[in-house]
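Welcome to a short set of exercises on reading a protein model. Keep the sequence and the 3D view open while you work through the steps.

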Amino acid sequence: QVQLVESGGGLVQAGGSLRLSCAASGLFFSSYAMGWFRQAPGKEREFVAAISRRSGTIYYADSVKGRFTISRDNAKNTVYLQMNSLKPEDTAVYYCASRSVVTTQNDYDYWGQGTQVTVSS
């Protein structure tokens, strides 16, 4: 049974930083690309960042480029999202997801339950 468990969300002031983690189990982690998505209230889920199996390919949404960094540690079965210079518009539930090939599209195979990030102005 595949499980993706996000952690690290919380409340932070604008300009602050948070580091999200996503621990994976039940899959051969290094064989899967990983992605981060987010969904704000009343909005559709949107792509944030994605990383290929060996970190050779990385994508970012334009809205987070230069502020967020995705990384992974295959030895720990974990993917990270370092978020700096946070803005109120970054407020959302953040989800990690996995699929066999990295993509910015929404069609990932497995999803976590999400972690809330709230940025106050």
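## Exercise 1: Salt bridges

A search of the whole structure finds 5 salt bridges, where a salt bridge is a side-chain nitrogen of Lys or Arg within 4 Å of a carboxyl oxygen of Asp or Glu. Before we start, note that this is a predicted model, in which local features need pLDDT of at least 70 and side-chain atom pairs count only at pLDDT 80 or more, while totals for chains, interfaces and linings use all residues. Residues are numbered from 1 along each chain as its sequence is written, and side-chain values use heavy atoms, with hydrogens and water left out.

**Task.** Find which residues are joined into one network by salt bridges that share partners.

**Solution.**

Step 1. Recall the general idea: side chains of opposite charge can pair when their charged atoms come close.

Step 2. Look at R67 and D90, whose side chains meet in a salt bridge with an N to O distance of 2.8 Å. R67 lies in the loop between β6 and β7 and D90 in the loop between β8 and β9, so this pair ties together parts that are 23 residues apart in sequence. Strands (E, at least two residues) and helices (H or I, at least four) are DSSP runs, numbered from the N terminus.

Step 3. Now put the network together: shared partners join R38, E46, R67 and D90.

Step 4. Check D90 and R38, which form a salt bridge at 2.9 Å, N to O. D90 is in the loop between β8 and β9 and R38 in strand β4, 52 residues apart.

Step 5. Add the surroundings. Both D90 and R38 are buried, where buried means under 20% relative accessible area, exposed over 50% and partly exposed in between (1.4 Å probe, protein chains only). R67 is buried as well, with a relative accessible area of 10%.

Step 6. Compare this with another salt bridge, in which the side chains of K65 and D62 meet at 3.1 Å, N to O. Here D62 counts as exposed because its relative accessibility is 66%.

## Exercise 2: The nonpolar core

**Task.** Work out which element gives the most residues to the largest nonpolar core.

**Solution.**

Step 1. Start with the core itself. The largest nonpolar core has 34 residues, and those with the most contacts inside it are W36, V48, F68, V79, L81, M83 and Y94. Such a core is a set of buried Ala, Val, Leu, Ile, Met, Phe, Trp, Tyr and Cys residues joined through side-chain atoms within 4.5 Å.

Step 2. List the elements that give two or more residues: β3 (18–25), β4 (33–39), β5 (46–51), β7 (68–73), β8 (78–83), β9 (92–99) and β11 (115–120).

Step 3. Pick the top contributor: β5, with 5 residues.

Step 4. Zoom in on M83. Leaving out residues up to four places away in sequence, M83 touches G16, S17, L18, L20, R67, F68, Y94 and V117; contact means heavy atoms within 4.5 Å.

## Exercise 3: Aromatic rings

**Task.** How are the rings of Y32 and Y110 arranged: stacked or edge-to-face?

**Solution.**

Step 1. Count first: the structure holds 5 aromatic pairs. Rings of Phe, Tyr and Trp (its six-membered ring) pair if their centres lie within 6.5 Å, and planes under 30 degrees apart count as stacked, over 60 as edge-to-face and the rest as tilted.

Step 2. Apply the rule. The centres of the Y32 and Y110 rings are 6.4 Å apart and the planes stand at 65°, so the pair is edge-to-face.

Step 3. Place the partners: Y32 is in the loop between β3 and β4 and Y110 in strand β10 (residues 110–111), 78 residues apart.

Step 4. Repeat for Y108 and W111. With centres 6.2 Å apart and planes at 65°, this pair is also edge-to-face. F37, F47, Y108 and W111 form one aromatic cluster.

Step 5. Judge accessibility. Y108 is buried at 6% relative accessible area, while W111 counts as partly exposed at 25%.

## Exercise 4: Positive phi

**Task.** Where does N77 lie, and what is its phi?

**Solution.**

Step 1. Most residues other than glycine have a negative phi.

Step 2. N77 lies in the loop between β7 and β8. Its phi is positive, about 55°, although N77 is not a glycine.

Step 3. Turn to S55, another non-glycine residue with a positive phi, near 70°. S55 is found in the loop between β5 and β6.
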